[in-house]
Amino acid sequence: MKRRVIVFLAVVGLFLPLDPAYTATASLTEFPDVQASHWAYDDVMRGVSKGYINGLPDGSFAPDRSVSRAEFIKIAVAALGLPIEEQRLGEAWYVPYTNAALEHGLIDPVEYEDGDYTRFMSRMEMVRVAVKAIDESTRNAGLLNEELMVKAVENGIIRGIEGKTVPQGTSTRAQAVTVIERMLTVLDGGELPVDEAVLEIAKIEYRIAIGDIWEEYQSFPVIYHDVARYFELKLLESIYIEDGHLKGYLPVVPEGTFYHMGFQVWYDPADKVVSSSTGIQHLISATTKLTPGEHFSLPIKAVDKAKKITLAVTLENAQMPSNRRTTIMYYLDNKRVKEIVNY
């Protein structure tokens, strides 16, 4: 039985303006939890030297702790040197910084309608702030998140996580400082390396957002192969085996398209697990209902005797199927061992 356990720990840590004496000391010393071997060491030290970040009262930096909205907005405003108002009595420490960000178009009121700046900052929220900082034309322009993500990846501000944009993911304090340093590099006219594979994904996601997914084939609209592949891989990469079931998530697809799927379990016919002479169990039948946007669970007979599982999924045009086929094979430990793509 395979189990996945994810634990979320909510902690509070702020890039608060500290006592001047402490700040001066911090800028001359290294944080005990950010040694020279740490991947973000240079960025963190640059942030300290420029004065837009501080350590915590105990002298640490907590690089792996998730960054909050308030923290990121504060360091972005401080790094850009934007003027801020004095904090009023009874006002949350971050209000002068969020007000400055609002005034200069780095954030939009509708982005934080819940008014909760203490929540963890998503990668997409960071992208919106960073892109608006480097490109004034994007401020208050009502651009789609997907377009802003393309701009962030194109400029090297954001790179992928396992080849994906992961807009809803959170970031650590160290990653936040790295994003700020990249933002400052672009503002200073510097060039950053671009994650080309993730840029391709970001562009596909933008095309999906604006409906640019069709090409013409024999007078019929058919979905672009790269767009179809994007959805197919999202489904296939969600697959896992647990408690004798094949489980996964069926992503929502654009209007006018539909999935064509075949999930098969292969056995040694001599084991007589299934009646088929080929030893194949078909997990999807005419009565199986899989709904886009939902998780699914398909029972596997005698999973301990299964030799391999073949997963085939195609995203097709409702008017004229594009005759695409994608097949990916997995061992029972979820390891992909072979992939066949036929167009």
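In this predicted model, D114 has a relative accessibility of 43% and therefore counts as partly exposed. R119, at 42% relative accessibility, is likewise classed as partly exposed. The side chains of D114 and R119 meet in a salt bridge, with a distance of 2.8 Å from N to O. Side chains of opposite charge can pair when their charged atoms come close. The structure holds 12 salt bridges. Through shared partners, salt bridges join D43, R46, K50 and E181 into one network.

Within this network, R46 forms a salt bridge with D43, and the closest N and O atoms of the pair are 2.7 Å apart. Both residues lie in helix α2, where a separation of 3 residues places R46 and D43 about one turn of the helix apart. The two partners fall into separate classes of accessibility. R46 has a relative accessibility of 37%, so it counts as partly exposed. D43 has a relative accessibility of 14%; because buried means under 20%, D43 counts as buried.

A further salt bridge links E111 to R128, with the closest N and O atoms 2.2 Å apart. E111 lies in the loop between α4 and α5, whereas R128 belongs to helix α5, so the pair ties together parts that are 17 residues apart in sequence. E111 and R128 are both buried.

The chain as a whole contains 9 helices and 10 strands. It has 343 residues, of which 44% count as buried. Among contacts in the chain with a separation of 6 or more, 65% are made by residues 24 or more positions apart. The accessible surface of the chain comes to about 18,000 Å², and carbon and sulfur atoms account for 51% of that surface.

The largest nonpolar core has 55 residues, and V44 and F72 are the members that touch the most others. Two or more residues are given to this core by each of the elements α2 (41–50), α3 (69–80), α4 (95–103), α5 (123–134), α6, α7 (173–187) and α8. When neighbours within four places in sequence are left aside, F72 is in contact with V67, M121, M126, V129, A176, V179 and I180. A second core, separate from the one around F72, has 31 residues, including L235, I239, F263 and I309.

Helix α4 contains A100. With a relative accessible area of 2%, this residue is buried, since the cut-off for burial is under 20%. A100 touches V77, L82, P83 and I84, not counting residues up to four places away in sequence. One of these contacts, L82, is 18 residues from A100 in sequence, while the C-alpha atoms of the two residues are 6.9 Å apart in space.

Helix α8 comprises 15 residues (196–210). At 1.5 Å a residue, a helix of this length should span 21 Å, and the distance between its end C-alpha atoms is 21 Å, which agrees with the expected value. The buried residues of α8 are V198, L199, A202, I204, E205 and R207. They pack against α6 (145–154) and α9 (225–236). G211 follows the helix and has a positive phi, near 85°.

Strands β1 (residues 214–217) and β2 (residues 220–223) run antiparallel and are joined by 4 bridges. In this pairing, E215 has V222 of β2 as its bridge partner. The two strands form a hairpin with 2 residues between them, and Q218 in the turn has a positive phi of about 50°.

Another antiparallel pair consists of strand β5 (residues 257–266) and β8, which are paired over 10 bridges. Here M261 stands opposite V313 in β8. Strand β8 (residues 308–317) is mostly covered, with 8 of its 10 residues buried.

Notes:
Residues are numbered from 1 along each chain as its sequence is written. This is a predicted model: local features need pLDDT of at least 70, side-chain atom pairs count only at pLDDT 80 or more; totals for chains, interfaces and linings use all residues. Side-chain values use heavy atoms; hydrogens and water are left out. The expected span of a helix is 1.5 Å times one less than its number of residues. Buried means under 20% relative accessible area, exposed over 50%, partly exposed in between (1.4 Å probe, protein chains only). Contact means heavy atoms within 4.5 Å. A nonpolar core is a set of buried Ala, Val, Leu, Ile, Met, Phe, Trp, Tyr and Cys residues joined through side-chain atoms within 4.5 Å. Two strands pair if DSSP finds at least two bridges between them. Accessible areas come from the Shrake-Rupley method with a 1.4 Å probe; for residues, only the protein chains shown count as cover. A salt bridge is a side-chain nitrogen of Lys or Arg within 4 Å of a carboxyl oxygen of Asp or Glu.
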